[in-house]
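Here's a quick briefing to read alongside the structure. Have the viewer open and follow along topic by topic.

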Amino acid sequence: MHAMNRRTDRSDGTGADPRGARDTDVIVVGAGPTGLLLAGDLAEAGLGVTLLERRPAEISNLTRALVVHARTLEQLDARGLADELVAGGHPLTGLRLFGRATIDPTQLRSRFPFVLVTPQFEVERVLERRARRAGVTFRHDSEVLGLDQDAEGVTVRFRTAEGLGSVRAAYVVGTDGVRSTIREAVGLPFPGRSVIRSLVLADVRLAREPDSPLTFNATGEAFALIASFGGGWYRVIGWNRHRQAADDAPADLDEVRELTRLALGSDYGMHDARWVSRFHSDERQVPSYRVGRVFLAGDAAHVHSPAGALGMNTGLQDAANLSWKLAAVLRGRAPDGLLDSYQTERHPVGKQALRSSGALIRIALLPTGPGRAVRALAAQLVNRVRPLSRRAVRTISGLGIAYPAGPGAHPLAGHRAPDFRLAGGSRLYELLRQGRFVLITPAGEPGVPQAPASGGDSPRPADDRVVTASWRSERRTALLVRPDGYIAWATDAPAPAARTAALRGAVAHWTGTEDGASITTALTPPAHAADTPAGP
């Protein structure tokens with residue numbers, strides 16, 4: 001049954017919608033990576049999802065993102081998509097930031113200790129296929145005109161080639177980019193400023209291949225990035241201090257060649273540009289990611305410079321944070337207040353992305369002379385001071401993001417969970433593919449639901465909210481991992497009986513099996529992005 005035809009009579013798990021049956025549970029506006037991941041998550045949770053996209057189905061998105069970082073790959077692994085994406089991309093064990101400064105992802109404690117170079121349309125391809133299989137209703141060629149929300153739901157008005165239409169849902173998520181119609185419809189400002197103007201974007205062929213699938217350098221007078229798209233095509237993004245023009249000013253291959261020679265010392269014999277365009281890059285963030293029943297994610301909520309390749313990655317992680325919370329509320333397992341934690345957890349992360357990318361681009365674009373000395377010193381510090389290097393790679397990769405867990409919580413609570421190897425040969429992120437909390441306990445502990453199912457070694461669900469598993473080692477810590485791969489709760493209590501009582505209370509507290517309201521309390525502290533420990 002198509003999601004558009006599914007109907008539900010519950011607005012937040014607590015009562016009927018007096019305005020009449022809704023058309024679907026959630027409307028997602030914008031079919032970029034953020035919207036596709038969010039829609040797929042919700043549909044896999046059994047919810048009705050309608051995805052509205054202004055572009056016709058046959059027109060692909062203008063893709064600017066080229067890099068997928070380790071934390072995003074972990075989130076894709078939790079959906080069974082990472083291995084396919086890695087197989088078709090170019091894993092790199094180093095990423096240049098500015099001058100000679102590089103980050104070394106091989107030091108990361110992750111299944112993905114590298115930077116993956118792959119075009120955004122490949123990420124969209126695997127996410128769209130998953131979303132369609134899960135039952136998301138796609139409505140392309142649908143231009144959103146506005147919305148109306150009340151206490152029970154949201155009605156989105158749109159226009160298609162056939163005329164005007166509307167669809168009603170419990171919640172709406174705007175993932176419709178920097179010019180978000182949803183953001184404008186709820187009256188949110190988008191404060192900030194342009195950080196760099198007259199960027200040039202082109203797809204070209206090269207007579208000579210660069211040494212790496214991703215080549216980047218900045219001189220202060222210019223910067224250029226060349227990335228392989230496969231099939232003999234290369235994406236070029238660059239800037240020339242001496243060629244500044246408005247976005248609508250024409251750009252051509254000669255300009256691309258010039259800025260590339262300035263930054264990289266060669267244009268690699270560029271030819272046959274299939275398109276060239278000019279744009280500018282802003283630093284902006286909305287003050288609130290939520291207005292009533294409407295949420296913003298990805299570029300609709302925050303935009304920044306391309307430095308560090310954080311944009312698409314931050315948006316995908318926004319979606320992973322929001323999706324499980326929407327599912328919990330819509331399935332009656334948590335009150336609507338849980339959704340406020342999306343703002344408290346992700347808004348500071350968006351702010352940190354603006355700061356990180358802004359610092360990188362400003363250092364890279366320092367003019368020659370004194371600026372060159374500053375850039376050289378910064379590069380030496382990143383490359384030679386290990387704590388600084390470690391912090392830089394964890395910040396860029398996303399593995400350093402953490403959410404505080406409140407007073408008295410275990411030190412691991414709120415931190416990203418590494419991909420633990422578990423009893424029976426399973427991995428944590430394989431278990432997270434079920435979209436549930438994962439409870440990891442010491443093997444053989446009395447009173448704790450055991451991981452092996454009868455007659456086999458595969459972990460089994462404790463119910464439809466929690467999957468249980470046991471450590472492969474003799475480790476005695478018990479952990480409860482959220483569906484987005486962050487540790488909700490942990491204990492090192494030495495006595496098995498005390499630990500058993502504590503974990504049973506934690507499972508009830510976090511999953512709503514006894515008191516759905518308790519999960520909201522656990523997520524109320526203000527969040528931050530931190531340089532976290534390497535993991536349990």
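Over the face of which residue does Arg-475 lie? That residue is Trp-471, and Arg-475 is 4.8 Å from the ring centre. Keep in mind that this is a predicted model. The chain runs to 536 residues, 57% of them buried, and its secondary structure comes to 13 helices and 26 strands.

**The chain as a whole**

- Among the contacts with a separation of 6 or more, 71% are between residues 24 or more positions apart.
- About 21100 Å² of the chain is exposed, and carbon and sulfur atoms supply 51% of that area.

**Aromatic pairs**

- For anyone who wants a refresher, two numbers describe a pair of aromatic rings: the distance of the centres and the angle of the planes.
- Eleven aromatic pairs turn up in this structure.
- One of them joins Phe-112 and Phe-114, which meet edge-to-face with 6.1 Å centre to centre and 90° between the planes.
- Both partners are tucked away: Phe-112 counts as buried because its relative accessibility is 4%, and Phe-114 counts as buried at 14%.
- Trp-324 and Phe-437 make another pair, with ring centres 5.6 Å apart and planes at 85°, so this one is edge-to-face too.
- That pair links distant parts of the chain, since Trp-324 belongs to helix H7 (residues 311-330) and Phe-437 to strand S22 (residues 437-441), 113 residues apart.
- Trp-324 is buried, with a relative accessible area of 8%, and Phe-437 is buried as well, with 6%.
- There's also a cluster to look at: ring pairs link Tyr-171, Tyr-289, Phe-295 and Tyr-342.

**Charges over rings**

- Besides the Arg-475 and Trp-471 arrangement, have a look at Arg-132, whose charged end sits over the ring of Phe-138.
- The distance from that charged end to the centre of the Phe-138 ring is 3.9 Å.

**A buried arginine**

- Arg-416 is found in the loop between strand S21 (401-402) and helix H11 (428-431).
- Is Arg-416 buried or exposed? It counts as buried, because its relative accessibility is 4% and the cut-off for buried is under 20%.
- What does its side chain touch? The side chain of Arg-416 makes a polar contact with the side chain of Glu-74, at 2.8 Å.
- The Arg-416 side chain also reaches the backbone oxygen of Arg-109, at 2.8 Å.

**Strands and sheets**

- Three strands make an open sheet in the order S3-S7-S4, and the pairing is antiparallel.
- Strand S3 (67-68) and strand S4 (90-92) are at the edges of this sheet; each has a single partner strand, so one side of each is left without a neighbour in the sheet.
- S4 pairs with strand S7 (residues 115-117) in the antiparallel sense, over three bridges.
- To find your way around that pairing, start at His-90, which stands opposite Val-117 in S7.
- Elsewhere, strand S10 (residues 154-160) and strand S11 (residues 163-169) pair in the antiparallel sense over seven bridges.
- How many residues sit between S10 and S11 in their hairpin? There are two residues between them.
- Thr-155 has Arg-168 as its bridge partner in S11.

**Positive phi**

- As background, most residues other than glycine have a negative phi.
- Asp-141 isn't a glycine, yet it has a positive phi of about 55°.
- You'll find Asp-141 in the loop between strand S8 (137-139) and strand S9 (143-149), and it is partly exposed, with a relative accessible area of 35%.
- Asp-272 isn't a glycine either, and its phi is positive at about 55°.
- The place of Asp-272 is within strand S17 (residues 271-285).
- With a relative accessible area of 48%, Asp-272 is partly exposed, because exposed would take over 50%.

Conventions:
Residues are numbered from 1 along each chain as its sequence is written. This is a predicted model: local features need pLDDT of at least 70, side-chain atom pairs count only at pLDDT 80 or more; totals for chains, interfaces and linings use all residues. Side-chain values use heavy atoms; hydrogens and water are left out. Rings of Phe, Tyr and Trp (its six-membered ring) pair if their centres lie within 6.5 Å; planes under 30 degrees apart count as stacked, over 60 as edge-to-face and the rest as tilted. Buried means under 20% relative accessible area, exposed over 50%, partly exposed in between (1.4 Å probe, protein chains only). Helices (H or I, at least four residues) and strands (E, at least two) are DSSP runs, numbered from the N terminus. A charge sits over a ring if NZ of Lys or CZ of Arg is within 6 Å of the ring centre and within 35 degrees of the ring normal. Two strands pair if DSSP finds at least two bridges between them. A polar contact is a pair of N or O atoms within 3.5 Å; within protein, one must be able to donate a hydrogen and the other to accept it, and residues adjacent in sequence count only if both atoms are side-chain atoms. Contact means heavy atoms within 4.5 Å. Accessible areas come from the Shrake-Rupley method with a 1.4 Å probe; for residues, only the protein chains shown count as cover.
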